[in-house]
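Visitor: I would like to know where the words used for a structure come from. Could you take me through them one at a time?

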Amino acid sequence: MTDVIRIDKDGAIATVTLNRPEAFNAINADLRTALIDAVAEIEADDAIRVVILKGEGRGFCAGADLKGGLDPKVDNMLETQYRPSLDGIANSSKIWIAQVHGSAAGIGAAYAMNCDMVVMADNASLYMAFAAISLVPDGGNTWLLLKGMGYHRALQAILEGQKIPAAECLQYGLINQIVPEGQLEAETRALAGRIANAAPLAAQAAKRILRSIGEGSFGDAFSAEAREQQALTQSDDFREGVQAFIEKRAPEFKGK
Ligand SMILES: CC(C)(COP(=O)(O)OP(=O)(O)OC[C@H]1O[C@@H](n2cnc3c(N)ncnc32)[C@H](O)[C@@H]1OP(=O)(O)O)[C@@H](O)C(=O)NCCC(=O)NCCSC(=O)/C=C1/CC=CC=CO1
């Protein structure tokens, strides 16, 4: 079986590649577990200072696997199966850089934005895919969007299920840099090299400070989202939204 995650290490830089290209790197149970393990493995490696997170194939990540990875009956899936890897990145002593091409959709957008830095291809986007299946953003997406875009634009992006193009992401401060897709790998690598040369203790302290100040925590937002999502995933409209995605048709929501 192909590994759903690849880890490559080169000196002080590790690259973690989401590797389900046949499903746009949608996150199923295997990938959820592999992500938790990858974050822990990297954290335990003192030689690593910078981590690049990227996706294999046409895009970064399509979010939760709507075809096989979702089990609404699993209690607290977000808290127990997504949060450890997302918190792990937020609290990591390493600097995580997302290298985004194609789409970072659903909770995939949270994995991108929750990294410490984001380099994005000029034709890529962050996709708030939740509205189309009658869900709210999860994985910390509401907090991450609100911090960058402010309340009004964040709410609109969520309600309209917008694909936020790279140029807007940069304008709102959601990402660090846009580069032509052909230069994405090289430019991300160059940034990783520069950051790997920064004084490690100061880099870790700067990350801790910036992550801990500001109003309301990522954790508070994560918990609020997880509660709402747990209820929404029990709804008929969610089932209809997923079915419509699989059948490639528009959903018919009934508010139940
Ligand atoms: C915008 C897309 C990400 C990419 O569009 P496009 O480039 O046109 O590529 P596609 O042809 O649509 O996709 C290529 C193949 O990948 C399959 N695929 C894509 N997304 C998923 C997915 N999420 N799950 C399973 N499979 C997926 C797609 O069917 C194609 O396969 P075939 O070639 O065999 O047909 C676009 O794909 C898209 O909009 N995807 C869905 C985005 C989405 O809704 N994501 C889930 C949001 S919910 C979430 O992330 C988190 C949670 C967490 C916990 C609980 C409950 C819910 O959600």
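**Strands, helices and a ligand**

Guide: Strand β2 (residues 13-18) and strand β3 (residues 50-55) run parallel and are joined by 6 bridges. The model is a predicted one.

Visitor: What makes β2 and β3 a pair?

Guide: Two strands pair if at least two bridges are found between them. β2 and β3 have 6 bridges, so they meet that condition. One example is Val16, whose bridge partner in β3 is Leu53.

Visitor: How do you know that β1 and β2 pair, and in which sense do they run?

Guide: The cut-off is again at least two bridges. There are 6 bridges between β1 and β2, and these strands run antiparallel. Asp10 stands opposite Ile13 in β2. The two strands form a hairpin with 2 residues between them, and Gly11 in the turn has a positive phi of about 60 degrees.

Visitor: Which sheet holds β1 and β2, and in what order do its strands come?

Guide: They belong to an open sheet of 6 strands with mixed pairing, in the order β1-β2-β3-β4-β6-β9.

Visitor: Why are β1 and β9 called edge strands?

Guide: β1 (5-10) and β9 (177-179) each pair on one side only. Neighbouring strands in this sheet are turned against each other by 20 degrees on average, with direction ignored. Helix α1 (residues 29-43) packs on the sheet and touches β1, β2, β3 and β4 (95-100). The direction of α1 makes about 20 degrees with that of β1.

Visitor: What makes β5 and β8 edge strands?

Guide: They are in an open sheet of 3 strands, ordered β5-β7-β8, with mixed pairing. β5 (103-105) and β8 (163-165) each have a single partner strand, so one side of each has no neighbour in the sheet. From one strand to the next, the twist averages 20 degrees.

Visitor: How do you know that β5 and β7 pair?

Guide: At least two bridges are needed. β5 and strand β7 (residues 125-127) have 3 bridges, in the parallel sense, so they count as paired. Ser103 stands opposite Ser125 in β7.

Visitor: Why is α4 called oblique to α9?

Guide: Helix α4 (residues 141-149) and helix α9 (residues 218-232) pack at about 130 degrees, with their axes 8 Å apart. Roughly perpendicular covers 65 to 115 degrees, and roughly antiparallel starts over 145. The angle of about 130 degrees fits neither range, which makes α4 oblique to α9. Asn141, Thr142, Trp143 and Leu144 of α4 make the contact with Phe218, Ala221 and Glu225 of α9. These residues divide into 4 nonpolar, 2 polar and 1 charged.

Visitor: How do you know that the ligand has a polar contact with Lys248?

Guide: A polar contact is a pair of N or O atoms within 3.5 Å. A polar side-chain atom of Lys248 lies 3.3 Å from an oxygen atom of the ligand, so the pair qualifies. By the same cut-off, a ligand nitrogen atom is 2.9 Å from a polar backbone atom of Ala64, and a ligand oxygen atom is 2.8 Å from a polar backbone atom of Ile107.

Visitor: How many residues surround the ligand?

Guide: The ligand is surrounded by 24 residues, and the closest are Arg58, Ala62, Leu66, Lys67 and Ile107.

Definitions and conventions. Residues numbered from 1 in each chain as written. Predicted model: local features only at pLDDT ≥ 70, side-chain atom pairs only at ≥ 80, totals over all residues. Heavy atoms only, no water. Axes fitted to C-alpha atoms, helices over the stretch in contact; angles between N-to-C directions. Helix = DSSP H or I, 4+ residues; strand = E, 2+ residues; numbered from the N terminus. Parallel < 35°, antiparallel > 145°, perpendicular 65-115°, else oblique. Contact = heavy atoms within 4.5 Å. Nonpolar A, V, L, I, M, F, W, Y, C, P; charged D, E, K, R; others polar. Near = heavy atom within 4 Å. Polar contact = N/O pair within 3.5 Å; in protein donor to acceptor, adjacent residues only side chain to side chain.
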